[in-house]
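I opened the notebook to record what I looked up, from the whole chain down to single side-chain pairs. The entries follow in the order I made them.

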Amino acid sequence: MRPDPERARVDSVTVHSAVSVITTKRDGGELSDGQIDWVVDAFTRGEVADEQMAALAMAIVWRGMNRRETARWTNAMINSGTRLDFSDLPRPTVDKHSTGGVGDKLTLPLSPLVAACGAAVPQLSGRGLGHTGGTLDKLEAISGWQADIPVKQMRDMLADPGIGAVVCAAGADLAPADKRLYALRDVTGTVESIPLIASSIMSKKIAEGTGALVLDVKVGRGAFLKHIDQARELATAMVELGTDAGVRTVALLTAMDTPLGCTAGNALEVAESLDVLAGGGPADVVELTLTLAREMLALAGIDDIDPADALADGRAMDHWRAMIEAQGGDPDAELPSAKHTETIRATRTGTLTRLDAYDIGIAAWRLGAGRARQGDPVQSGAGIEMHAKPGDSVKAGQPLLTLHTDTPEAIPAALDALATATTVAEAEFTPPPLLLGRIQA
Ligand code: URA
């Protein structure tokens, strides 16, 4: 076959352009707006090859991007798909995003709670990968509940004063450039870059069409970021991106050395969220839910309602039930439970001084609560119940942890992960504060 001269010319221009973008960044230069728009668009269309984008991502990991470049990159990823717009709703929209932690079920009670206080909460969520859980996996433990719903249904749920909140999967057309790029970064060691992480998260949140956003940036052993300085840097970059895009944005830095609440695992976390919505639940989950709700309501301009009242008088529960039913779920259905359990007991009397979030997350994942690869199934009933939290007194022989799984062959690997997850000592222990910082533009 004779080569097509026109095709060869286009390919050589593309290769040349991609190489010039890569080398600009490799050599520590600033990418121009035109270079960023072109490379993100050409990558989305498949014109820039994966190996070229991976090389560029690695150059960005090393050289970074400044505020202008990061904002332009974010915008280019938003423009690769559809940007939703809920600005015509009769109520202000506000969302929350967590960078992910162990036992972080806060979206479940928080979304209906904030809706019960008068805001509309459009929350596009994800599935879990690795040791942190995913909100959609948790909600899918509820019989009949559907994560994939059309935008028209989202809008109807948000407009309905009896619902006001929607938690669902992002459609394929929401920042498709980020979907491709994130998958590539995941396998090329290029996730760890503040501008790439910030633009990845914020492109999806800005494209989702929320008017305001509270970011819950987790720090510690069970979080994606282990050090407060990194978390502050990421939070600042995300607040700047949101603010520059016209989304009122605040970030809270919150502790994730210990799991949130007393459960890690999908159905177990739904059950615990129902306790919170019923006016009970673990103190740390209630505290953080109310802290985030107050921030969200303040950004939405709602300052005359205390979310604690809406939890106590059942309004948040009413919105939860309506939200679940609208997506096909049965709020009264019995939650799935695992076929096997195994209990770990305290070997001495004292105070629990450590309950390691990372170890608990890994063990819950090994028990079947999480997935190793995108698309793997998860077990709804699998996970870990924690019978004591740091600061609690424990007696030798009392249950500390209960492991839940349908696959008992997973238990030895989970026990392995938990070998040093807890410390019981003869010491007073006051748990450190949950809230570590707050960043606003
Ligand atoms: N979460 C995202 O959505 N993107 C990242 O780059 C990292 C975490």
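**Overall size.** The radius of gyration I used is taken over C-alpha atoms, and the globule rule is 2.2 Å times the number of residues to the power 0.38. For 441 residues, a compact globule would come out near 22 Å, and the protein has 23 Å, so the two agree. I noted that this is a predicted model. I then took the extents of the C-alpha trace along its principal axes, which are about 75 × 50 × 45 Å.

**Secondary structure and domains.** I listed 16 helices and 13 strands in the protein. For the division into domains I wrote down domain 1 as 6–64, domain 2 as 95–333 and domain 3 as 340–425.

**Domain 2 against domain 3.** I looked up the separation of these two domains and found their C-alpha centres 24 Å apart. How many residues of each are in contact? I recorded 25 from domain 2 and 27 from domain 3. The size of an interface is often given as the accessible area lost when the parts come together, so I looked that up next. The area buried between domain 2 and domain 3 is about 1,900 Å², with carbon and sulfur atoms giving 56% of it. Which three residues of domain 2 supply more of its buried area than any other three? I found H131, R221 and L268, which supply 25% of what domain 2 buries against domain 3.

**Polar links across the interface.** I counted four salt bridges between domain 2 and domain 3. I also looked up the salt bridge between the side chains of R221 and D359, where the N to O distance is 3.5 Å. Polar contacts across this interface come to eleven residue pairs, both residues being at pLDDT 80 or more.

**The domain 2 side.** I asked which elements make up the side of domain 2 that touches domain 3. β6 (263–264) and α11 (266–277) each supply at least two residues there, and α11 gives the most, with three. By residue class I noted ten nonpolar, nine polar and six charged on that side.

**Salt bridges in the whole structure.** Side chains of opposite charge can pair when their charged atoms come close. My count for the structure is 31 salt bridges. I looked up one of K205 with D95, whose closest N and O atoms are 2.7 Å apart. Where in the chain do K205 and D95 sit? K205 is in helix α9 (residues 194–207) and D95 in strand β1 (residues 94–98), so I entered the pair as a link between distant parts of the chain, 110 residues apart.

Conventions:
Residues are numbered from 1 along each chain as its sequence is written. This is a predicted model: local features need pLDDT of at least 70, side-chain atom pairs count only at pLDDT 80 or more; totals for chains, interfaces and linings use all residues. Side-chain values use heavy atoms; hydrogens and water are left out. Domain bounds come from an automatic or database domain assignment. Contact means heavy atoms within 4.5 Å. Buried area is the accessible area (1.4 Å probe) that two parts lose on being put together, summed over both. A polar contact is a pair of N or O atoms within 3.5 Å; within protein, one must be able to donate a hydrogen and the other to accept it, and residues adjacent in sequence count only if both atoms are side-chain atoms. Helices (H or I, at least four residues) and strands (E, at least two) are DSSP runs, numbered from the N terminus. Ala, Val, Leu, Ile, Met, Phe, Trp, Tyr, Cys and Pro count as nonpolar, Asp, Glu, Lys and Arg as charged, and the others, Gly among them, as polar.
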